[in-house]
Amino acid sequence: MTLVKPTAFASLGLTAELAYAASASGFDIPTPIQVAAIPSVLQGADVLVSAETGSGKTAAFALPILQLLQRQPRCTSNEAQALVLVPTRELAAQTGEVFRRLAQHLPQPLKIAVAFGGVSINPQMMSLRAGVNLLIATPGRLLDLVEHNALKLTAVNLLVLDEADRLLEPGFADELNRVLSLLPVQRQTLLFSATFPPVVQALSQSLLRDPLRIEITGPQQGASPVPSAILQRVIQVDAAQRTVLLRHLIKTHAYQRVLVFVATQYAAEHVAEKLYKAGIFAAPFHGGLSQGARTQVLSEFKASRWDVVVTTDLASRGIDIAQLPVVINYDLPRSAVDYIHRIGRTGRAGEVGLAISLVSAATEPHFRLIEKRQHLSLPREQIAGYEPTQAEPVPLDLAPVTGAGGIKGKRPSKKDKLRAAKRQNATPI
Ligand code: AMP
C-alpha cells in the first residue's frame, strides 16, 4: 500500500494508515466535530458531544478508537474491549461498515463484530467466541448474548453511547441501564446525542468523568438548530389530497431518492402501494417488516433501485444515505425533536437538501408548535390544483355557543374543553 502524504487527519494525531483510510473514504478535510473530538479521544479523555445530524460523528469516534485498539493486547474468549451501543439495527449495521472500512489498512487487523436483533443469534455468538476488539450492538441483543453466556463485558474499557437520547427513550432505557450495570467502572466513555433532555444530562453526569464537552452546532439562544443546507418548505393541503399531491410533486420535479415519513406502518404500506400503482418506484420501510426485508429495502434504496421509500420514524435517526436530496413529511412528526431528526436525513455532509412538510387545517396548530420549539417561522405554500378547502378548526372554547342557557349536547362541557385542549397538544395523526 502506498500511503499518501500526511493529511489533515494525520495532524490530529492519527497514524498514517488511519489518515489514509479517511482520505480513501473521500474525507479530505476533517469536519469540526472530528477536529474537536479525535485528539481528545486519542488522549483517553471522556467526551460529551452534541452535534448536528450528518456532522461526521461516526468517523469522529471510529478513527481514534481504531487507533487506541491497536495498542491493546488481544482479547480472550467471549470478551470485547470496546463497545459501541446504538439504538437501531440499521445504525448498528451502518456503524459496523464505517469501522470496517476505516480499519482496512491497519497493520494489526482488528476483530470487529456487529450484533442486533431480528436475525438469528447463532452467527453472532460464533463471531464472539474467540473474543473481539470491538463490538457494535443494540442493547437488547447485547443482553441476549450475555444471557446466553456468549459475551462477557468484564474487559470493556472503552464505551460509546451513540444517539444517547434515543437509547434512553421509554421502553429502551431499562435495557440500557442493565447493560451499563454490567460494565467495569474503569473505562473511557464517549457520549453522543443530538439533543440533551434531562434524562441524557443525568446519564452523562453519572457516566462521564470530567468530560470534554463538544458542542459544534448546538442551537444558539433563539436560533434554529436546522442545518442551513436544508431548505424547508411547508405546503398546505387537505389531508385527503396528500397522496395525489405527493405523486404530483415527485413526478413534476422528477425527484429521486425521496424519503417520505408517515405515522404508522399501515400508512407506509398504503402510501407506498398507491405511489407504486401510479408508476412511481416506491417501497415501504417500517418495523413490521422482517430484518431481511428492511436490510434489502435500504440497500436497494441506496443503490437507486427505489426512487421513494415510505417510512415510519424507524428511518428518522442515524440512517446515512449519501445524496438523499428530498425528505417529505406526509404525516407530521410527533415532536419538534423528531422533526429535526427526520429532515436531518437530507443535506448531509455539505450537500443541499430539501425538506417538505404537508400541513392540513387539522395539523396546522401542531406544526406551529414545532416551529415555535425550533425557533422557525416558515412561509406556507399552496400548489395550484391542490389548494386546501378545509379551514382550521376553531378551538371548542372559542366556538360560538347558541342560546343563553346553552343547548344540551352543543355546548362544550368541562370535559369537552379538556379534550379539545389535549387534542391541540397531542399527536396530530
Ligand atoms: P455521520 O454524521 O457520521 O452520520 O456522517 C455523515 C456523513 O458525512 C457520512 O456520509 C460520512 O461518510 C460523511 N463524512 C464524515 N466525515 C467526513 C469528512 N471529513 N469529509 C466529508 N464527509 C465526511
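Which strands does helix H9 (residues 198-207) lie across, and at about what angle does it run to S6? The points below address this and related features of the predicted model.

1. Helix H9 lies across strand S1 (47-50), S5 and S6, and its direction is at about 170 degrees to that of S6. Helix H3 (residues 57-70) also runs at about 170 degrees to S6. The strands that H3 lies across are strand S2 (80-85), S3, S4, strand S5 (158-161) and strand S6 (188-193).

2. These strands belong to an open, parallel sheet of seven strands, ordered S3-S4-S2-S5-S6-S1-S7. Strand S3 (112-115) and strand S7 (212-215) are at its edges; each has a single partner strand, so one side of each lacks a neighbour in the sheet. On average, neighbouring strands are turned by 15 degrees against each other, direction ignored. At the S3 edge, four bridges join S3 in parallel to strand S4 (residues 132-137). Within that pairing, Ile112 has Leu134 of S4 as its bridge partner.

3. Another open sheet of seven strands, with parallel pairing, follows the order S10-S11-S9-S12-S13-S8-S14. Its edge strands, strand S10 (282-285) and strand S14 (380-381), each pair on one side only. Strand S8 (residues 230-236) and strand S13 (residues 353-359) are parallel and share seven bridges; Val234 is paired there with Ser357 of S13. Helix H11 (residues 265-277) lies across S10 and strand S11 (308-311), at about 175 degrees to S10.

4. Taken as a whole, the protein chain contains 15 helices and 14 strands. Of its 429 residues, 51% are buried. Among contacts with a separation of 6 or more, 74% are between residues 24 or more positions apart. The chain exposes about 20,000 Å², of which carbon and sulfur atoms supply 54%.

5. The largest nonpolar core has 45 residues, and those touching the most other members are Leu63, Ile65, Leu66, Phe99, Leu134 and Leu190. H3 gives the most to this core, with nine residues. Leaving aside residues up to four places away in sequence, Leu63 touches Phe9, Leu14, Leu18, Ala22, Ile38 and Leu102. A second, separate core of 33 residues includes Ala113, Ile121, Leu135 and Leu176.

6. The salt bridges number 15. In one of them, the closest N and O atoms of Asp162 and Lys57 are 2.9 Å apart. Asp162 is in the loop between S5 and helix H7 (164-167) and Lys57 is in helix H3, so this pair ties together parts 105 residues apart in sequence. With the cut-off for burial at under 20% relative accessible area, Asp162 counts as buried at 0%, and Lys57 is buried at 17%. Lys57 also meets the side chain of Glu163 in a salt bridge (3.6 Å, N to O). Glu163 lies in the loop between S5 and H7, 106 residues from Lys57, and both residues are buried.

7. A further salt bridge joins the side chains of Arg242 and Asp331 (2.7 Å, N to O). Arg242 is in helix H10 (residues 242-252), while Asp331 is in the loop between strand S12 (326-329) and helix H13 (336-343), 89 residues apart. Arg242 counts as buried at 17% relative accessibility, and Asp331 is buried with a relative accessible area of 5%. Elsewhere, Glu364, Arg368, Glu371 and Arg380 are joined into one network by salt bridges that share partners.

Definitions and conventions
Residues numbered from 1 in each chain as written. Predicted model: local features only at pLDDT ≥ 70, side-chain atom pairs only at ≥ 80, totals over all residues. Heavy atoms only, no water. Pairing = 2+ DSSP bridges. Helix = DSSP H or I, 4+ residues; strand = E, 2+ residues; numbered from the N terminus. Contact = heavy atoms within 4.5 Å. Axes fitted to C-alpha atoms, helices over the stretch in contact; angles between N-to-C directions. Core = buried A, V, L, I, M, F, W, Y, C linked by side-chain atoms within 4.5 Å. Buried < 20%, exposed > 50% of the residue type's maximum accessible area, 1.4 Å probe, protein only. Areas by Shrake-Rupley, 256 points an atom, 1.4 Å probe, with all protein chains shown as cover. Salt bridge = Lys/Arg side-chain N within 4 Å of Asp/Glu carboxyl O.
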